[in-house]
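Subject: Structure for you to look at

Dear colleague,

I am passing on the structure that we spoke about, with my notes on it below. Please keep the sequence and the model open while you read.

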Amino acid sequence: MPNEPYILNHPLIQHKLSLLRDKNTGSKEFRELVAEIANLMCYEATRDLPLKEIELETPVASCKTKIISGRKLAFVPILRAGLGMVDGVLRLVPAAKVGHIGVYRDPQTLKPVEYYCKLPSDISERDVIVVDPMLATGGSAIDAIGLLKKAGVKNIKFMCIIAAPEGMKALQEAHGDVQIYAASLDECLNEDAYIVPGLGDAGDRIFGTK
Ligand code: PRP
Ligand code: URA
């Protein structure tokens with residue numbers, strides 16, 4: 001059985017997502033919103049990080065308290081649009097390393113085409129959160145996660161802002177061990193495999209390329 005996806009319905013995330021969907025939202029605001037949503041989502045996606053107890057002295061007394069322990073984290077954005085989420089997640093985990101995977105969706109075949117992969121040298125010793133705003137057919141995420149598994153990564157989470165039911169199902173079937181986080185599970189894909197209602201082309205809206 002694949003992991004049940006988390007749909008993060010926190011009011012702040014939902015409010016910002018509505019602004020993101022609006023076709024009248026320009027690139028500058030769109031970029032800021034993507035980073036802010038990624039930041040809020042990362043707070044939820046790191047909820048299960050292990051803690052260990054330490055002892056320290058406050059100015060008043062000694063106390064037992066907790067710090068994060070266990071394996072280190074890496075974030076891996078899927079280029080291009082995933083780049084928009086990196087600043088937001090790094091604000092919460094500034095010591096994390098960042099890998100990059102370049103995959104674009106061929107507009108004719110809709111199949112993922114890999115064009116770049118640069119990962120931290122110790123990636124197999126890290127837990128990884130893959131970030132990409134859109135999970136449409138699922139092809140890009142499935143491909144990128146496959147590359148990470150080939151590189152020896154064991155514990156992978158996938159964080160997107162909007163998922164289509166088709167992509168969610170495909171990703172769960174291909175990588176049932178990957179925990180998925182999304183801010184919205186939308187209705188469906190249209191004939192061009194764009195998410196409905198979605199927000200349009202995330203990369204173009206972040207970088208102003210259309
Ligand atoms: C978008 C998006 C995902 C992919 C999702 O990238 O950022 O990576 O499409 O579609 P899929 O689930 O059907 O694979 P795109 O291919 O448009 O590339 P870009 O980020 O460079 O614009
Ligand atoms: N990629 C996007 O950027 N948007 C979609 O709706 C589908 C794929």
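Ligand 1 is surrounded by 15 residues, of which the closest are Arg80, Asp132, Thr137, Gly138 and Ser140 (a residue is near a molecule if one of its heavy atoms lies within 4 Å of it). Before going further, please note that this is a predicted model, in which local features need pLDDT of at least 70 and side-chain atom pairs count only at pLDDT 80 or more, whereas totals for chains, interfaces and linings use all residues. Residues are numbered from 1 along each chain as its sequence is written, chains are lettered from A and ligands numbered from 1 in the order in which they are written, and side-chain values use heavy atoms, with hydrogens and water left out.

Three side chains place a polar atom by an oxygen atom of ligand 1: that of Asp132 at 2.4 Å, that of Arg80 at 2.8 Å and that of Arg105 at 2.9 Å (a polar contact is a pair of N or O atoms within 3.5 Å; within protein, one must be able to donate a hydrogen and the other to accept it, and residues adjacent in sequence count only if both atoms are side-chain atoms). On its own, ligand 1 has 500 Å² of accessible area, and the protein covers 91% of this (areas come from the Shrake-Rupley method with a 1.4 Å probe, and for residues only the protein chains shown count as cover). The shell around ligand 1 draws two or more residues from each of β6 (100–105), β9 (134–135) and α4 (139–150), these elements being DSSP runs numbered from the N terminus, with helices (H or I) of at least four residues and strands (E) of at least two.

Thr137, one of the closest residues to ligand 1, belongs to the loop between β9 and α4. Thr137 is partly exposed because its relative accessibility is 25% (buried means under 20% relative accessible area, exposed over 50%, and partly exposed in between, with a 1.4 Å probe and protein chains only). Beyond its neighbours within four places in sequence, Thr137 is in contact with several residues, including Arg105, Glu166 and Ala193, where contact means heavy atoms within 4.5 Å.

What surrounds ligand 2? The residues are Arg105, Met134, Ala136, Ala193, Tyr194, Ile195, Gly200, Asp201 and Ala202. The backbone supplies an N or O atom of Ile195 at 2.8 Å from an oxygen atom of ligand 2, and one of Ala202 at 2.8 Å from an oxygen atom of ligand 2, while a polar backbone atom of Gly200 lies 2.8 Å from a nitrogen atom of ligand 2. Ligand 2 exposes 240 Å² when taken alone, and the protein buries 88% of that.

Asp186 is found in the loop between β11 (179–185) and β12 (188–189), and counts as buried because its relative accessible area is 7%. Its side chain makes a polar contact with the side chain of Ser184 at 2.6 Å and reaches the backbone nitrogen of Gly198 at 2.8 Å. Leaving aside neighbours within four places in sequence, the contacts of Asp186 include Arg21, Ile162 and Ile195, and Ile195 is also one of the residues around ligand 2.

Lastly, Gln172 lies in helix α5 (residues 165–174) and is buried, since its relative accessibility is 19%.

With best wishes
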